[in-house]
Amino acid sequence: MSKMHVEVVSTEQLIYSGEAEFLVAPALEGEIGVYPRHVPLLTRIKPGVLRMTVPGSKEEVLVAVSGGMLEVQPTHITVLADTAIRGEDLDEARANEAKRAAEESLQHATDDLSTAKAHAALAVAIAQLKALDYLKKRVH
């Protein structure tokens, strides 16, 4: 099967760099599936889960993203994520606590900056919880 190179980069670090046969991303208008040789595309992504099918593995590689940009070229995909966490690094208790703290911060926000920070933190927590939910459904 054909392959494409995928890079997922957050503001802090390179999260994933490798080959993939298929990628699903949470675009603003809905999920988008990308195979190698896809038409060039640039779109925003929303909080959710990137799912990649990689050569030689039955398990998908999952990355929770809080939003960002997806650039698709025929042989290369780049995801520039505000925040990204690999599926195996997710912790449900921490994600729920982060969501609760972000919602509380949002309620107590007194200016535009604190409101924006609270919204960003909430997006990160929601992305993590979506990834964990997907993992639970996949196991059952």
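# Two annotated spans, their cores and their salt bridges

Reader: How much of the span 88-132 is helix?
Author: The end C-alpha atoms of residues 88-132 lie 10 Å apart. This is a predicted model, in which local features need pLDDT of at least 70 and side-chain atom pairs count only at pLDDT 80 or more, while totals for chains, interfaces and linings use all residues. Residues are numbered from 1 along each chain as its sequence is written, and side-chain values use heavy atoms, with hydrogens and water left out. With helices (H or I, at least four residues) and strands (E, at least two) taken as DSSP runs numbered from the N terminus, the span is 0% strand and 84% helix.

Reader: Which domain name does UniProt list for residues 88-132?
Author: UniProt positions are given here in the numbering of this model, feature names are shortened, and annotations may be inferred rather than shown by experiment. The entry is unreviewed, and its name for residues 88-132 is "domain: ATP synthase epsilon subunit C-terminal".

Reader: What percentage of residues 4-84 is strand?
Author: An unreviewed UniProt entry annotates residues 4-84 as "domain: ATP synthase F1 complex delta/epsilon subunit N-terminal". The end C-alpha atoms of this span lie 20 Å apart. Its helix content is 0%, and its strand content is 65%.

Reader: How far apart are the C-alpha centres of domain 1 and domain 2?
Author: The protein chain is divided into domain 1 (2-84) and domain 2 (90-135), with bounds from an automatic or database domain assignment. Between the C-alpha centres of the two domains the distance is 22 Å.

Reader: Which three residues supply 46% of the area that domain 1 buries against domain 2?
Author: The contact (heavy atoms within 4.5 Å) takes 10 residues from domain 1 and nine residues from domain 2. Buried area is the accessible area (1.4 Å probe) that two parts lose on being put together, summed over both; for domain 1 and domain 2 it is about 740 Å², 79% of it on carbon and sulfur atoms. The three residues of domain 1 that supply 46% of its share, more than any other three, are Pro47, Leu62 and Ala64.

Reader: How many salt bridges are found across the interface of domain 1 and domain 2?
Author: A salt bridge is a side-chain nitrogen of Lys or Arg within 4 Å of a carboxyl oxygen of Asp or Glu. The overall count by this rule is five. Across the interface of domain 1 and domain 2, the number found is zero.

Reader: Is Val8 buried or exposed?
Author: Val8 is found in strand β1 (residues 4-9). Beyond its neighbours within four places in sequence, Val8 is in contact with residues including Leu14, Tyr16, Met52, Val63 and Val79. Buried means under 20% relative accessible area, exposed over 50%, and partly exposed in between (1.4 Å probe, protein chains only). Val8 has a relative accessible area of 0%, so it is buried.

Reader: Which residues touch the most other members of the largest nonpolar core?
Author: A nonpolar core is a set of buried Ala, Val, Leu, Ile, Met, Phe, Trp, Tyr and Cys residues joined through side-chain atoms within 4.5 Å. The largest one has 24 residues, and among the elements that give two or more residues to it are β1, β6 (48-53) and β9 (76-81). Apart from it lies another core, of nine residues, including Leu62 and Ala127. In the largest core, the residues that touch the most other members are Val6, Val8, Leu23, Met52, Leu70 and Ile77.

Reader: How many residues apart in sequence are the parts tied together by Arg51 and Glu31?
Author: The side chains of Arg51 and Glu31 meet in a salt bridge of 3.0 Å, N to O. Arg51 lies in strand β6 and Glu31 in strand β4, so the parts that the pair ties together are separated in sequence by 20 residues.

Reader: Which of these two, Arg51 or Glu31, counts as exposed?
Author: Arg51 has 16% relative accessibility and therefore counts as buried. At 55% relative accessibility, the residue that counts as exposed is Glu31.

Reader: In which helix do Glu97 and Arg100 both lie?
Author: The side chains of Glu97 and Arg100 meet in a salt bridge of 2.5 Å, N to O. Glu97 is partly exposed at 40% relative accessibility, and Arg100 is partly exposed with a relative accessible area of 40%. The two are three residues apart, about one turn, in helix α1 (residues 92-108).

Reader: Which residues are joined into one network by salt bridges that share partners?
Author: Glu103 and Lys99 also meet in a salt bridge (3.0 Å, N to O), and they are four residues apart in helix α1. Lys99, at 26% relative accessibility, counts as partly exposed. The network made by shared partners joins Glu31, Arg51 and Glu60.
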